[in-house]
Amino acid sequence: MLKPGLNLQLGQTLTMTPQLQQAIRLLQLSTLELQVEIQQALESNPMLEQVEDEESEADTERLNQDGELVEGDRMEATTTSDEVIPEELTTDSRWDDIYEPAPTPKGVDDRDPLENTSDDDGEGLQDHLLWQLHLSHLTPRDQRIGAALIDAISPDGYLDGDLETLAETISRGEDEPVGVDEVEAVLHWIQQCDPLGVGARDLRECLEIQLRELAPDAPARDAARAILEHGMESLGKRDYKALQRQSGVRDPDELARALDLIRTLNPRPGAQISAATSEYVVPDVYVRHTPEGWRVELNPEIAPRIRINDLYAGMVRQVSDARDSAFMRDQLQEARWFLKSLHSRNDTLLRVAEAIVHRQQGFLEHGEVAMQPLILRDIAEVLEMHESTISRVTTQKYMHTPRGVFEFKYFFSSHVGTNDGGECSATAIRAMIRELIDDEPPNKPLSDARLAQVLADRGINVARRTVAKYREAMHIPSSSERRQMASMPTGNK
């Protein structure tokens, strides 16, 4: 028979406090996400305020590392205008009723001149084509057909779908059925629009459209058209002997000039016009070389500088209402936690960056061939942190070095053993393979097996299939393809 009783047991459990959860979440945010998080905190917590750029450094140091206020002079609220805000305003008052907006100078563009902006407000390929369609003298019926065709054009500029299916689809909204010949006629008109070659149904048609618009006496124009008409498959395989036979272009110099002309054509005309905006990488840390060695510094521009609002913090003890006082105390505590989490994030980010730089000094000084093998556990052991923390810090964080901007994870790679018992990173092996291929004789390219043998002679044991995997990852053709490219006719003969 079971009887109720009391037992005392000892154990350890890990409790994720709200403060720890917030610190972990901030740690894994990218620079742009962190800026959004800080902006949301500024808008939701009245105890936080942003530090203006013109304020002195002495005024900004209001907190210690625990996020607590440092005793000192309190900032007083001031206005920068000579006008005085009325003490009482009607409920329907507007800002414009009190202050007159400053006039904007005409003809002045206040955009950042270094920012990649465009005046088309993100116009895409379809919008660009529709704009030309609306300016045309086509009949309303043909304009409706053209709009349907433009809607079926892919971002690269090619027409998706066959004309028969498109004709059936367009006919559903017309009183009179639309014929395939009508659709094809409008398609030919679209193919002459900007960018030239848009609306093609395949690569050959796309290139032929562009060739047709060249002057009749353009050098090698006819030979290039013959190659596209009869030798597209051989052109893709780089089989130049078959290409000469199929196209009828026997003269090697003429063939070379025709191939040079084809290379000037755009196989993806729609890609010239894209609504996508450019995204820039903002480095989290800067690495520079000094007489004392390599130095790592946080980027001061990655996030707005914030602090506790002294005026509101001083009102916590002055509020008589218990509910309001409790609210303000909670907001003040949350603000302190947030600032402390930001400080912890920056400190951890800097420590990890310094550990990576210390381990990869060879890369900074000599390039990829000197990259050392590195895994998350190595940095975790040096800093006495968990691997998951290192993983969060190195994700979507970027380092600006004299050799370029790299994500933290770029410096981590697998490794293979060497004959002397050492290790070589995969990044260094890829760099060696690229150097060997760059220095190979053009008419005798190195095969993957030969590359593996050369690396083995250097003490690096890499299988042939591993070499092939690294080569393909770098988008380097195989030895047979490189040999065909070396034998390709050139117009410089």
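This is a tour of one protein chain, to be followed in a viewer from the overall fold to single side chains. The model is predicted, and every value below was computed from it.

**The whole chain**

Begin with the whole protein in cartoon view, where the secondary structure comes to 22 helices and eight strands. Of the 493 residues, 37% count as buried. Among contacts in the protein with a separation of 6 or more, 62% are accounted for by residues 24 or more positions apart.

**The four-stranded sheet**

Next, select strands E2 (285-290) and E3 (293-298), together with E5 (residues 398-401) and E6 (residues 404-407). These four strands form an open sheet in the order E3-E2-E5-E6, and the pairing is mixed. E3 and E6 are the edge strands, each of them pairing on one side only, and from one strand to the next the twist averages 25°.

Take the sheet one pairing at a time, starting from the E3 edge. E2 and E3 pair in the antiparallel sense over six bridges, and a hairpin joins E2 to E3 through two residues. Show His-289 here, and Trp-294 in E3 will be found standing opposite. Moving to the next pairing, E2 and E5 run parallel and are joined by two bridges; Val-285 stands opposite Met-399 in E5. At the other edge, E5 and E6 pair in the antiparallel sense over four bridges, and here Met-399 stands opposite Phe-406 in E6.

**The helix across the sheet, and the core**

Now add helix H15 (322-359). H15 lies across E2, E3 and E5, and runs at about 155° to E3.

Which residues have the most contacts inside the largest nonpolar core? Select Val-352, Ile-356, Ile-379, Met-399 and Phe-408, which hold that place in a core of 25 residues. E2, E3, H15, H16, helix H17 (376-383) and helix H18 (387-394) each supply at least two residues of this core, and H15 gives the most, with six residues. As a general background to such a selection, nonpolar side chains in soluble globular proteins tend to be buried together.

Centre the view on Phe-408 and show what surrounds this residue. Leaving aside neighbours within four places in sequence, Phe-408 is in contact with Val-285, Leu-349, Val-352, Ala-353, Ile-356, Val-393, Thr-394, Lys-397, Tyr-398 and Met-399.

**The aromatic cluster**

Stay in this part of the chain and select Phe-363, Phe-406, Tyr-410 and Phe-411, which form one aromatic cluster. The count for the model comes to six aromatic pairs. The rings of Phe-363 and Phe-406 have their centres 5.4 Å apart and their planes at 80°; this angle is over 60 degrees, so the pair is edge-to-face. Because Phe-363 lies in helix H16 (residues 361-366) and Phe-406 in strand E6, the pair ties together parts that are 43 residues apart in sequence. Phe-363 has a relative accessible area of 2% and is buried; Phe-406, with a relative accessible area of 16%, is buried as well.

Phe-406 also forms an aromatic pair with Tyr-410, and this one is stacked, at 4.7 Å centre to centre and with 20° between the planes. Is Tyr-410 buried, exposed or partly exposed? With a relative accessibility of 24%, Tyr-410 counts as partly exposed.

**Three further stops**

For a charge over a ring, select Arg-430 and Tyr-470: Arg-430 lies over the face of Tyr-470, at 5.5 Å from the ring centre.

Then return to E3 and follow the chain into the loop between E3 and strand E4 (306-308), where Glu-301 lies. Glu-301 counts as exposed, at 62% relative accessibility. Add Asp-284 to the selection; Glu-301 and Asp-284 are 17 residues apart in sequence, and their C-alpha atoms are 8.7 Å apart in space.

Finish at helix H10 (residues 221-230), whose buried residues are Arg-221, Ala-223, Ala-224, Ala-226, Ile-227 and Leu-228. Which helices do the buried residues of H10 pack against? Show helix H9 (203-212), helix H11 (232-237), helix H12 (240-247) and helix H13 (252-263), since these are the ones against which the buried residues of H10 pack.

Technical notes:
Residues are numbered from 1 along each chain as its sequence is written. This is a predicted model: local features need pLDDT of at least 70, side-chain atom pairs count only at pLDDT 80 or more; totals for chains, interfaces and linings use all residues. Side-chain values use heavy atoms; hydrogens and water are left out. Rings of Phe, Tyr and Trp (its six-membered ring) pair if their centres lie within 6.5 Å; planes under 30 degrees apart count as stacked, over 60 as edge-to-face and the rest as tilted. Buried means under 20% relative accessible area, exposed over 50%, partly exposed in between (1.4 Å probe, protein chains only). A charge sits over a ring if NZ of Lys or CZ of Arg is within 6 Å of the ring centre and within 35 degrees of the ring normal. A nonpolar core is a set of buried Ala, Val, Leu, Ile, Met, Phe, Trp, Tyr and Cys residues joined through side-chain atoms within 4.5 Å. Contact means heavy atoms within 4.5 Å. Two strands pair if DSSP finds at least two bridges between them. Axes are lines fitted to C-alpha atoms, for helices over the stretch in contact, and angles run from 0 to 180 degrees between N-to-C directions.
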